[in-house]
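The report below describes a single protein chain together with its ligands. It begins inside one helix and works outward to the strands, the loops and the ligand shells.

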Amino acid sequence: MNEVTLTPTSNDAATRRGCGECRTCCNGWLSAEIYGHKMGGGVPCKFLKPDGCGIYESRPELCRSFVCGWLKPGSPFPENWRPDKIGFIIREGLWEGKTCWLLQYAGKEDPSAEVMEAMRQHTIATGQPHIIKKRYSWLCYGKPEFQQAMLKLSQEIMGEMGLSKSLFFW
Ligand code: SF4
Ligand code: SF4
């Protein structure tokens, strides 16, 4: 297994990343309603065309302001983790005022052992917890309070039975 260390990239406007060919956040793995049309659960945005957004100039604010964790200035995630290449979307969240990360399944592969180990090391080094939403299950990594909070949240969403089969801590 190759070891990957996550380090913040440049915050400089001149070297800022772009989405390029990636359309992953429009591909139906995030839930949203765009001008009355729902996307999510693998159903892409109604306005997505093969070469990109079909309503780019009039896309809603939700789309204009969305920046995934790979794209954000200063992202610690490597260049080759662009969501369309790696198969999941990275999202930044806040837990108790601190950054936490969600790696969300986006219709391809579950994160590799290499990615999971890099995330684990990143959480140990920074204290930033993370959640990996795999195709059929969730993994949470962080201090016990974080795990408890995620457990509670999951119970509210899924109920006890669904949860016991799908939430794991590591
Ligand atoms: S997932 Fe990230 S890199 Fe891909 S299109 Fe959306 S914002 Fe851009
Ligand atoms: S409206 Fe355009 S940018 Fe927004 S989700 Fe749909 S295809 Fe993507």
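## Report on the predicted model

Met119 lies in helix α3, which spans residues 113–126. The coordinates come from a predicted model, so the descriptions that follow concern computed values throughout. Because 24 other C-beta atoms lie within 10 Å of its own, Met119 is buried, the threshold for that class being 20 or more. Once its neighbours within four places in sequence are set aside, Met119 is in contact with Leu103, His130 and Tyr141. Trp101, which is 18 residues from Met119 along the chain, has its C-alpha atom 9.2 Å from that of Met119.

### Strands around the helix contacts

Two of these contacts of Met119, Leu103 and His130, lead to a pair of strands. Strand β6 (residues 98–105) is joined to β7 by 4 bridges, and the two run parallel; within this pairing Leu103 stands opposite Ile132 in β7. In strand β7, which covers residues 130–133, His130 and Ile132 point one way whereas Ile131 and Lys133 point the other way, and all are buried.

Strand β6 also pairs with β5 (residues 88–95), in this case antiparallel and through 8 bridges. Trp95 stands opposite Lys98 in β6. The hairpin formed by β5 and β6 has 2 residues between the strands, and in that hairpin Glu96 takes a positive phi near 50°.

### Three loop residues

Gly69 is placed in the loop between α1 (61–65) and α2 (83–86). This glycine is buried because 20 other C-beta atoms lie within 10 Å. Not counting residues up to four places away in sequence, Gly69 touches Ser75, Phe77, Ile90, Arg91, Glu92 and Trp101. Arg91 is 22 residues from Gly69 in sequence, yet the C-alpha atoms of the two are 4.8 Å apart in space.

Tyr35 and Glu96 are loop residues of another kind. Tyr35 is found between β1 (32–34) and β2 (37–39), and its phi is near 45°, a positive value in a residue other than glycine. Glu96, in the loop between β5 and β6, likewise has a positive phi without being glycine, in this case near 50°. Tyr35 counts as exposed because it has 11 C-beta neighbours inside 10 Å, and Glu96 is exposed because 9 other C-beta atoms lie within 10 Å; the class of exposed residues takes in counts of 12 or fewer.

The neighbour counts for the residues discussed so far are collected here.

| Residue | Other C-beta atoms within 10 Å | Class |
|---|---|---|
| Met119 | 24 atoms | buried |
| Gly69 | 20 atoms | buried |
| Tyr35 | 11 atoms | exposed |
| Glu96 | 9 atoms | exposed |

### The two ligand shells

Which residues come nearest to ligand 1? Of the 13 residues around that ligand, Cys19, Cys22, Cys25, Cys68 and Pro83 come nearest. By class, the shell around ligand 1 divides into 10 nonpolar, 1 polar and 2 charged residues. At least three residues of this shell are drawn from each of domain 1 (22–66) and domain 2 (67–170).

Ligand 2 is surrounded by Cys26, Ile34, Cys45, Phe47, Leu48, Cys53, Ile55, Arg59 and Cys63. The residues of this second shell comprise 8 nonpolar, no polar and 1 charged.

### Overall composition and confidence

Taken as a whole, the protein has 4 helices and 9 strands, and from the N terminus on its elements run β-β-β-β-α-α-β-β-α-β-β-α-β. Of the 170 residues, 25% count as buried. Among contacts in the protein with a separation of 6 or more, 46% are between residues 24 or more positions apart.

The mean pLDDT of the protein is 86, and 86% of its residues reach 70 or more. Among the elements, strand β3 (residues 48–49) has the highest mean pLDDT, at 96, whereas strand β9 (residues 167–169) has the lowest, at 50.

Note on methods
Residues numbered from 1 in each chain as written. Chains lettered and ligands numbered in written order. Predicted model: local features only at pLDDT ≥ 70, side-chain atom pairs only at ≥ 80, totals over all residues. Near = placed C-beta within 6 Å. Nonpolar A, V, L, I, M, F, W, Y, C, P; charged D, E, K, R; others polar. Domains from an automatic or database assignment. pLDDT = per-residue confidence, 0-100. Contact = placed C-beta atoms within 7 Å. Pairing = 2+ DSSP bridges.
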